[in-house]
Amino acid sequence: MRMKVLLLIAFTFVSVAINVRSDHELFYQNDAASMAANPLLVPLTLIPGAASKGAVCLDGTLPGYHFHPGFGSGANSWVIQLEGGGWCNTIRSCVFRKTTRRGSSKFMEKQLPFTGILSNKAEENPDFFNWNRVKVRYCDGASFSGDSQDEAAQLQFRGQKIWQAAMEELMSKGMKQANQALLSGCSAGGLASIIHCDEFRTLFPTSTKVKCLSDAGLFLDAVDVSGVRTLRNLFGGVVKLQEVQKNLPKSCLNQLDPTSCFFPQNLVNHVETPLFLLNAAYDAWQVQESLVPSSADPHGSWNDCKHNRANCNSSQILFFQDFRNQMLNYIKGFSGESQTGLFINSCFAHCQTELQDTWFADDSPVIGHTPIAIAVGDWYFDRKTVKAIDCAYPCDKTCHDLGFKAGRSTVVDYQSPSGDDTSTTTMTYSSSTRLTYSAGLYMLSILSLITHS
């Protein structure tokens with residue numbers, strides 16, 4: 001018995017140690033309690049012919065993906081998840097990125113757990129569990145959209161070519177026979193799912209049901225607490241360095257500059273394919289790195305507030321409310337389109353599709369009693385119109401907020417894009433213990449939907 005306890009402690013320590021790493025990203029891993037649920041582990045596959053097409057990671061290594069085949073009624077349905085993990089906007093930050101899994105397949109995990117929207121269990125992923133599920137790894141630093149190089153620094157900026165090579169590979173694996181397809185992505189991958197949404201649509205015949213989902217990809221061109229547009233400066237560097245403008249919508253570039261057209265608030269109205277926006281109204285990454293970056297708060301007057309919302313004063317809360325209002329204003333036109341979907345909850349969170357706790361569990365975030373997984377499914381299958389916008393903070397008591405202290409659940413870490421290549425912040429989800437949202441509750445939600453339709 002004592003040996004089992006020691007092994008469990010050691011396993012927990014290793015799980016946490018693996019997660020606290022120094023990359024340009026927000027990174028999610030299930031904790032020891034979640035790992036005990038035995039999630040499906042899916043091996044990494046490198047794309048063999050990618051190099052001949054110029055589709056390589058920042059360091060020239062082959063890009064890769066994780067694929068688990070569908071079965072039963074989902075055998076001809078596909079969900080593609082584009083991995084996130086920030087951006088690199090300077091030669092220095094991209095050179096550093098080459099030494100991580102976000103810039104080189106040499107450092108990528110050989111297996112990844114498929115949870116949330118990638119789970120193969122009906123009780124964890126009711127609508128997509130038996131689909132072909134794919135996670136495309138992110139190693140270019142520009143949301144799969146750059147196309148240039150820097151020979152002196154030995155950097156390859158080939159995100160667009162990686163995207164194309166991955167799609168060609170998946171089409172050869174059976175995706176060309178798909179009767180249903182969903183392109184999704186988290187964070188920088190959520191931005192990529194918006195950029196490539198219409199391109200994804202063109203891969204299939206008109207008879208195929210194709211839609212796109214952006215999770216935590218609604219990055220705003222907002223002013224930080226010091227009056228500077230920190231994220232615009234970051235995005236401007238990414239666009240210029242990696243020549244992203246080559247792959248942005250011409251309809252947007254005819255109206256705005258390339259950096260503006262890299263911002264989702266300006267992109268979404270140019271997407272013709274049905275698109276769903278899932279976002280926290282107080283996106284935790286944007287709060288930390290765009291609204292209140294350390295460069296904008298040199299005296300640390302926001303530290304207590306960022307660590308715990310209960311410590312925020314009235315003017316700080318007002319600042320966050322203004323950010324939410326900006327988000328809602330930017331998507332006003334988008335939300336009026338009949339084919340679009342929305343789930344904007346009033347949480348301090350970031351990325352809610354890949355983590356089981358937030359996607360579909362007994363204590364998952366909800367709007368109007370509907371968890372995220374059901375809302376996305378309702379929208380995709382046209383069961384219900386989904387335009388869910390939460391009331392303002394602090395009304396939602398179902399949130400799984402990200403904090404900066406040791407928590408009971410998921411460890412999240414990312415590197416600041418400010419240029420300090422060694423600066424790492426660790427955040428944790430503070431409120432969740434993993435419980436599976438039961439099939440019985442799912443059936444009750446479906447019955448309720450039928451009753452009220």
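What follows is a short walk through a predicted model of a single chain, from its overall make-up down to a few charged side chains.

Start with the broad strokes. The chain is built from 16 helices and 18 strands. Of its 453 residues, 59% count as buried. Contacts reach a long way along the sequence: among those with a separation of 6 or more, 76% involve residues 24 or more positions apart.

How far the model can be trusted varies along the chain. The mean pLDDT is 86, and 81% of the residues come in at 70 or more. Two stretches fall well outside that group. Over residues 1–36, pLDDT stays under 50, although the model places 74 contacts beyond four places in sequence there. Residues 405–426 also stay under 50, with 85 contacts of that kind in the model. Where pLDDT is low, the predicted coordinates should not be read in detail.

Next comes the sheet. Ten strands make up an open sheet with mixed pairing, and they run in the order β5-β2-β3-β6-β4-β9-β10-β11-β12-β15. At the edges stand β5 (111–114) and β15 (387–389); each has a single partner strand, so one side of each is left without a neighbour in the sheet. Going from one strand to the next, the twist averages 20°. Strands of a sheet pair through backbone hydrogen bonds, either parallel or antiparallel. Strands β11 (residues 275–280) and β12 (residues 341–345) are a parallel case, joined by five bridges. Within that pairing, L278 has F343 of β12 as its bridge partner.

Charged side chains give another view of the fold. The count of salt bridges comes to 16. One of them brings together D147 and R158, with 2.8 Å from N to O. D147 sits in the loop between β6 (132–136) and β7 (148–150), while R158 sits in the loop between β8 (155–157) and α4 (159–172), eleven residues apart. Both of these residues are buried.

Other pairs have other surroundings. E243 and K246 also meet in a salt bridge, again with an N to O distance of 2.8 Å. Here E243 has a relative accessible area of 29%, which makes it partly exposed, and K246, at 42%, counts as partly exposed too. The bridge between D378 and R383, likewise 2.8 Å from N to O, is a mixed case: D378 is buried at 2% relative accessibility, whereas R383 is partly exposed at 27%. Salt bridges can also link up into a network, as they do for E83, R101, R102, E109 and R137.

One arginine goes without such a partner. R324 lies in helix α12 (residues 314–330). R324 is buried yet has no salt bridge, and the nearest side chain of opposite charge, that of D390, is 7.0 Å away. A salt bridge needs the nitrogen and the carboxyl oxygen within 4 Å, so a pair at that distance does not count as one. What, then, is R324 in contact with, leaving aside its neighbours within four places in sequence? The contacts are A281, Y282, S346, I389, D390, C391 and A392. D390 is thus on the contact list of R324, even though the two form no salt bridge. Another contact, I389, brings the picture back to the sheet, since the edge strand β15 covers residues 387–389.

Note on methods:
Residues numbered from 1 in each chain as written. Predicted model: local features only at pLDDT ≥ 70, side-chain atom pairs only at ≥ 80, totals over all residues. Heavy atoms only, no water. Helix = DSSP H or I, 4+ residues; strand = E, 2+ residues; numbered from the N terminus. Buried < 20%, exposed > 50% of the residue type's maximum accessible area, 1.4 Å probe, protein only. Lys, Arg positive; Asp, Glu negative; His and termini not counted. Contact = heavy atoms within 4.5 Å. Pairing = 2+ DSSP bridges. Axes fitted to C-alpha atoms, helices over the stretch in contact; angles between N-to-C directions. pLDDT = per-residue confidence, 0-100.
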